[in-house]
Amino acid sequence: MYNLQPIDLTENVNEQEKYLISHKSIIERCIINALSSTYSITDNHPIGARGTTFYNELISGLRDQFISEGFERLCVNNIELTANKELGIAFYFSRGDDQTGISEGFPRSLRKKGKVTQQILGLREHSVVSLELFPDLNPKSDTEITIWSITIFADFKNGHYSAELGIPLSVNRKGFIDSFSHRIMLDINRVNPTPIINKPIEFTEDFDINIIPNEQSAA
């Protein structure tokens with residue numbers, strides 16, 4: 001059972017941002033290589049094959065690369081995360097719109113998020129008090145995990161891609177993520193993806209931590 005509750009943006013999150021910036025090139029290479037895995041997809045593949053392949057390869061690539069950094073697989077209510085308890089970081093994947101990866105842009109998720117996803121990510125609706133949304137949230141947990149979304153705009157048809165890393169904060173009334181904090185722009189427009197570590201990794205089935213997603217309004 002995971003205890004979810006809103007937490008304040010603290011100095012720890014600023015330290016997480018520094019860590020992620022220092023590892024930005026690894027995340028970028030994981031994305032580039034996941035994109036390259038979609039190049040063999042043809043019109044004979046099932047609809048959505050590019051998106052599914054991209055998602056699977058990105059998640060596995062991140063885990064391959066960050067296992068040495070203490071990250072482990074974490075699945076909560078069928079939502080795949082890659083988490084490091086000591087750093088207080090969990091990676092989450094989301095497709096974004098064409099504002100994604102633009103520092104002056106206002107990106108939002110490509111698809112709306114259900115109530116379970118909203119709760120796990122600690123999202124709130126604009127102008128709605130979070131505790132009214134989630135009255136069962138537990139305010140007494142000693143472990144803080146901030147979820148960082150790797151948000152990617154992928155126009156597979158025209159070959160246009162952009163990405164960023166940030167903390168999702170809220171959803172609009174239709175359920176689309178519409179605000180992020182601590183946004184880090186990612187450069188994924190390099191050609192000829194370079195090989196990265198690709199070895200089988202054994203993950204523990206149970207990663208017993210309390211996960212506390214961030215819940216704050218953007219500054």
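1. Which residue in S6 does Glu125 stand opposite? The partner of Glu125 is Val171 in S6. Before going on, a word on the ground rules: this is a predicted model, where local features need pLDDT of at least 70, side-chain atom pairs count only at pLDDT 80 or more, and totals for chains, interfaces and linings use all residues. Numbering starts from 1 along each chain as its sequence is written, and side-chain values use heavy atoms, with hydrogens and water left out.

2. Strand S6 covers residues 160–171 (strands, E, at least two residues, and helices, H or I, at least four, are DSSP runs numbered from the N terminus). Of its 12 residues, 11 are buried, meaning under 20% relative accessible area; exposed is over 50%, and partly exposed lies in between (1.4 Å probe, protein chains only).

3. Now for the pairing, which takes at least two DSSP bridges between two strands. S4 (residues 124–125) runs parallel to S6, with two bridges joining them.

4. S5 (residues 146–155) runs antiparallel to S6 through seven bridges, and Ile152 faces Ala163 across that pair. Four residues sit between these strands in their hairpin, where Gly159 has a positive phi near 70 degrees.

5. On to S7 (residues 177–186): seven bridges join S7 to S6, again antiparallel. Here Pro168 stands opposite Phe180. This hairpin has five residues between the strands, and Gly175 takes a positive phi near 95 degrees.

6. Away from the strands, have a look at Asn56 in helix H3 (residues 49–66). Asn56 counts as partly exposed because its relative accessible area is 41%. Its C-alpha atom is 9.9 Å from that of Ser37, 19 residues apart along the chain.
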